[in-house]
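Biologist: I would like a close look at a single part of this protein, with enough of its surroundings to place it. Please take me through it slowly, one residue at a time where that helps.

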Amino acid sequence: MTSTAVSHKPVRWGRVAVHLGCLAALLVMLYPLAWLLATSLKPADEVIASLDLLPSHLEWSNYSTAMEGVNDVSIWRLLGNSLLIAGGAVLGNVISCSLAAYAFARLRFRLRGPLFAFMIATIMLPHHAVLIPQYIIFNQLGLVNTYWPLILPKFLATEAFFVFLIVQFMRGLPRELEEAARIDGCGPFRSFFQVVLPLTRPALITTAIFTFIWTWNDFFTQLIYLFDPDKFTLTLALRSFVDASSTSAFGPMFAMSVIALLPIVLFFLAFQRFLVEGMASSGVKG
């Protein structure tokens, strides 16, 4: 008889502890989302009074009420307004920030270094510090209560973070490609659109994703510039469920919150691969 020795790999308790810790952190992070979904299906008397996560019975009428909209404005109109603002902001940031980034990363001009440093310094400038001057300018132009104050600044490369992100990515691209294009007779604009821009797709998609999410979730700026209910977005409409008379429809409010969350989740899932690639490349290259 021959005996075979069976070797067992020792259990790496350190790795098990790390996995359990990550699982616990994941549960903590997902609990607010689970609470939001469960609360959107709770009856009105259980939203505030009950601490249980699961409702006693499913109240689907919360979603039907949310689909009716607020202030005689349908949810489809609110959704369209949100998509219009977010889409315009994405288009503006992608175009203007890529052009500004190309100038800083590839072109040679006087005071390029100080101007780039000044642009980076604006990242530390609080948004509220420039909100009042911007409001005065747009009010004098007669653009208050329109979508232009929310979209127009995006076409002026005012988001220094995205300019810096794209600059870092472009600095990692080989200059030989542009030199070959220049030999073939391409000028700066043609080299940008036909050579550099297609190669910066991961950074551009990263810019688009963050711009879409930040603009979609923006409440304060939209509250300042938009007055008419017909121009409200989903974010502003959520506020209409809670009024000063303490008569609040929390169930439909949470149901509309779930509906407002769906476009962000779908947008993120569709471009998640490019987001990771863009962030990794922008952080390593340069």
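The reply below begins with the whole chain and then turns to the part in question.

Biologist: Could you look closely at Ser-40, and tell me where it is placed and which residues it is in contact with, leaving aside its neighbours within four places in sequence?

Modeller: Please keep in mind throughout that this is a predicted model. The protein as a whole has 15 helices and zero strands, and of its 286 residues 38% are buried. Among the contacts between residues at least 6 apart in sequence, 71% join residues that are at least 24 apart, and Ser-40 offers an example of two distant stretches of chain brought together, since its C-alpha lies 4.8 Å from that of Phe-254 although 214 residues separate the two in sequence.

Ser-40 itself is found in the loop between helix 1 and helix 2, the latter covering residues 44-49. Because its relative accessibility is 0%, below the 20% under which a residue is called buried, Ser-40 counts as buried. Once its neighbours within four places in sequence are set aside, the residues in contact with Ser-40 are Glu-59, Asn-62, Tyr-63, Gly-251, Phe-254, Ala-255 and Val-258.

One of these partners, Asn-62, deserves a look from its own side. Asn-62 belongs to helix 3, which runs over residues 61-67, and with a relative accessibility of 7% it also counts as buried. Apart from residues up to four places away in sequence, Asn-62 touches Ser-40, Leu-41 and Lys-42, and it further touches Gly-251, Pro-252 and Ala-255. Gly-251 and Ala-255 therefore appear in the contacts of Ser-40 and of Asn-62 alike, where contact means heavy atoms within 4.5 Å.

The helices around this place also have a part in the surface. Helix 1 (13-39) and helix 14 (250-270) are the elements that give two or more residues to a nonpolar surface patch, which covers about 1,100 Å² and includes Trp-13, Val-16, Leu-37, Leu-261, Val-265 and Leu-269 among its members. Helix 1 gives the most to this patch, with nine residues. Leu-261, which lies in helix 14, has a relative accessible area of 31% and is partly exposed; because residues of a patch must have over 30% relative accessible area, Leu-261 meets that condition. For the protein overall, the exposed area is about 17,200 Å², of which carbon and sulfur atoms supply 68%.

For a comparison with Ser-40, consider another loop residue, Thr-233, placed between helix 12 (220-225) and helix 13 (234-239). Thr-233 counts as buried at 1% relative accessibility, and, not counting residues up to four places away in sequence, it touches Leu-78, Asn-81, Ser-82, Ile-85 and Gln-222.

Aromatic side chains complete the picture. The count comes to 15 aromatic pairs, and one of them joins Phe-192 and Phe-193 in an edge-to-face arrangement, with 4.9 Å from centre to centre and 75° between the planes. Phe-192 is buried at 1% relative accessibility, whereas Phe-193, at 48%, is partly exposed. Elsewhere, Phe-104, Phe-109, Phe-116 and Phe-164 form one aromatic cluster, and the charged end of Arg-171 sits over the ring of Phe-116, 5.2 Å from its centre.

Definitions and conventions: Residues numbered from 1 in each chain as written. Predicted model: local features only at pLDDT ≥ 70, side-chain atom pairs only at ≥ 80, totals over all residues. Heavy atoms only, no water. Patch = residues over 30% accessible without salt bridge, like charges linked within 9 Å, V, L, I, M, F, W, Y side chains within 5 Å. Areas by Shrake-Rupley, 256 points an atom, 1.4 Å probe, with all protein chains shown as cover. Salt bridge = Lys/Arg side-chain N within 4 Å of Asp/Glu carboxyl O. Buried < 20%, exposed > 50% of the residue type's maximum accessible area, 1.4 Å probe, protein only. Phe/Tyr/Trp six-rings, centres within 6.5 Å; stacked < 30°, edge-to-face > 60°. Lys NZ or Arg CZ within 6 Å of the ring centre and 35° of its normal.
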